[in-house]
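Student: Could you take me through one part of this model up close, beginning with a single strand and working outwards from there? I'd like the pairing, the packing and the burial in one connected account.

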Amino acid sequence: MKVLVVAGARPNFMKVAPILRALEAAGHETVLVHTGQHYDTAMSDTFFEELGIKTPDYHLGVGTATHAVQTARIMEAFEPILMKVHPQWVVVVGDVNSTMATTLVASKLRTETHAHIAHVEAGLRSYDWRMPEEINRVITDRLADLLLTPSEDAAANLAAEGIPADKVTFVGNVMIDTLMLQLPVARAADTLERLGLRRRHYAAATLHRPSNVDDPAALAAVLEGLALVAESLPVVLPLHPRTLKNIERFHLGRMLTPLTVLEPLGYTQMLALTDGAQCVLTDSGGIQEETTALGIPCVTLREQTERPITITQGTNHMAPWPLTPRGILGAYADSVAAVAHATPPRPAGWDGHASERIVKALETHRPVRNYSAS
Ligand code: UD1
């Protein structure tokens, strides 16, 4: 079986690594396409090195642009590659623009290439159409032939949208495959020592959502909230390039003074930072899942989450919305009080074997070819 796997942005890389490995272990041919949505060493290359991902067979080099231009560039560059590679499966992961753009292309070329599309991390919904990722999720799920869900709540979201159950397979959370493989490496490294941090005596924070960082007042409120937390323990903030650019643009640099600001971290260092933290404050999707898997208290700095299982079965707490400095401080205190750093039972399918179930699903799925229905 020939499988084309798409990766484009930082949160994709830890998902495609175990999928590629499991496909190759099962004797399948893999073709890796990197769209180049993320391109810096820190946002891309480091992950390939640390996670042992092969050099992409094709690199589209699209880079940063507006949503329309980035999506269009990916589509334009991907189309001839798909025509040339002629895979049986196109596997897309997550909810970034690369996921949706390549799904659109594969979907439109269906009758020519006969490639089927599988979406890994299907069925997550924030029900917030202001999030570009929500648009990407819904379109990708609507067009894919096989919807591989990470948690048991996802199937209900897909059913509510009228997606036939025979397109949906529960495989579990593939990001946790990478987490479980890399955790011993992260724990053996001296990341905390080099940063001058003591296990459980600091909080880690990440911030990059447009809703938090593209508006000066919103960004200032979150930074002030982190500064309040920093009055009782160090707050470490690896800065996403989008956030850094906006802090400079809005002249908010002085608000970073109470925080320990770092460059974006590679996978293993970020895992070490998360694993050693007393608490993590974040607007990331993946980190809500990683903290649940590790039993680390998490405060989510967003209005809603597409990963509610991290609240019902994990360590995640939503900060009160709209975000205020005091609200963030209160949510931090509540989350730390509620969790005792024991690794809780993980949600079903978060067991390090999702990639094997993904391969099995690709091998056994027989897509329904009824183009006029559903
Ligand atoms: C994208 C994803 C988001 C994901 C995030 C993780 C979409 C719609 N958004 O958002 O879901 O959570 O990645 O990072 O797909 N930049 C660099 N170097 C890079 C990449 C980006 O400096 O390698 C800068 C760009 O110049 C831009 C900013 O970071 O100003 C944002 O990059 P972009 O890819 O547009 O979106 P993200 O915010 O990273």
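Tutor: Let's start with strand E6, residues 146-149, where Leu 146 and Leu 148 point one way while Leu 147 and Thr 149 point the other, and all are buried. That fits the usual picture: in a regular strand the side chains alternate between the two faces of the sheet. Bear in mind that this is a predicted model.

Now for the partners of E6. On one side there's strand E5 (residues 116-120), paired with E6 in the parallel sense over 3 bridges. If you want a register marker, take Ala 118, whose bridge partner in E6 is Leu 146. To get between the two strands the chain uses helix H6 (residues 132-143), and E5, H6 and E6 together make a right-handed β-α-β unit. The other partner is strand E7 (residues 168-170), also running parallel to E6 and joined to it by 3 bridges. Here the register marker is Leu 147, with Val 168 as its bridge partner in E7. The chain crosses from E6 to E7 through helix H7 (residues 154-160), and this β-α-β crossover is right-handed.

Zoom out and E6 turns out to belong to an open sheet of 7 strands, in the order E3-E2-E1-E4-E5-E6-E7, with parallel pairing. Strand E3 (58-59) and E7 are the edge strands, each pairing on one side only.

Further along that order you reach strand E1 (residues 2-7), which is joined to strand E4 (residues 89-93) by 3 bridges, the two running parallel. Val 3 has Trp 89 as its bridge partner in E4, and Val 5 stands opposite Val 91 of E4. On its other pairing, E1 goes with E2 in the parallel sense over 6 bridges, and Lys 2 stands opposite Glu 29 in E2. The route from E1 to E2 goes through H1, in a β-α-β crossover that is right-handed. E1 is mostly covered, with 5 of its 6 residues buried.

What packs on this sheet? Helix H1 (residues 10-25) does, touching E1, strand E2 (29-34), E4 and E5, with its direction at about 165° to that of E1. Helix H17 (residues 354-364) packs on the sheet too, touching E1, E4, E5, E6 and E7, and its direction makes about 160° with that of E6. So H17 brings us back to the strand we started from, as E6 is among the strands it touches.

There's another sheet to look at. This open sheet has 6 strands in the order E10-E9-E8-E11-E12-E13, and the pairing is parallel. Strand E10 (260-262) and strand E13 (316-318) stand at its edges with a single partner strand each, so one side of each has no neighbour in the sheet. On average, neighbouring strands of this sheet are turned by 20° against each other, direction ignored. At the E13 end, strand E12 (residues 298-300) is joined to E13 by 3 bridges, and they run parallel. Cys 298 stands opposite Asn 316 in E13.

Helix H13 (residues 267-276) lies across strand E8 (203-206), strand E9 (235-238) and strand E11 (279-282), running at about 155° to E9. Of its 10 residues, 9 are buried, so H13 is largely enclosed by the rest of the structure. Among the buried ones are Tyr 267, Met 270, Leu 273 and Asp 275.

H13 also meets another helix. Its axis and that of helix H8 (residues 174-188) come within 9 Å and cross at roughly 80°. That crossing makes H8 roughly perpendicular to H13. On the H8 side, the contact residues include Met 175, Leu 179, Leu 183 and Arg 187, and on the H13 side they include Tyr 267, Leu 271 and Asp 275. By type, the residues of this contact divide into 8 nonpolar, 3 polar and 2 charged.

One last stop is Ala 227, which lies in helix H11 (residues 216-229). Is Ala 227 buried or exposed? Its relative accessible area is 18%, and buried means under 20%, so Ala 227 counts as buried. Leaving aside residues up to four places away in sequence, Ala 227 touches Pro 258 and Leu 259. For a longer-range distance, the C-alpha atoms of Ala 227 and Glu 133 are separated by 29 Å, and these residues are 94 residues apart along the chain.

Technical notes
Residues numbered from 1 in each chain as written. Predicted model: local features only at pLDDT ≥ 70, side-chain atom pairs only at ≥ 80, totals over all residues. Heavy atoms only, no water. Pairing = 2+ DSSP bridges. Helix = DSSP H or I, 4+ residues; strand = E, 2+ residues; numbered from the N terminus. Axes fitted to C-alpha atoms, helices over the stretch in contact; angles between N-to-C directions. Contact = heavy atoms within 4.5 Å. Parallel < 35°, antiparallel > 145°, perpendicular 65-115°, else oblique. Nonpolar A, V, L, I, M, F, W, Y, C, P; charged D, E, K, R; others polar. Buried < 20%, exposed > 50% of the residue type's maximum accessible area, 1.4 Å probe, protein only. Right-handed = clockwise from strand over helix to strand, strands pointing away.
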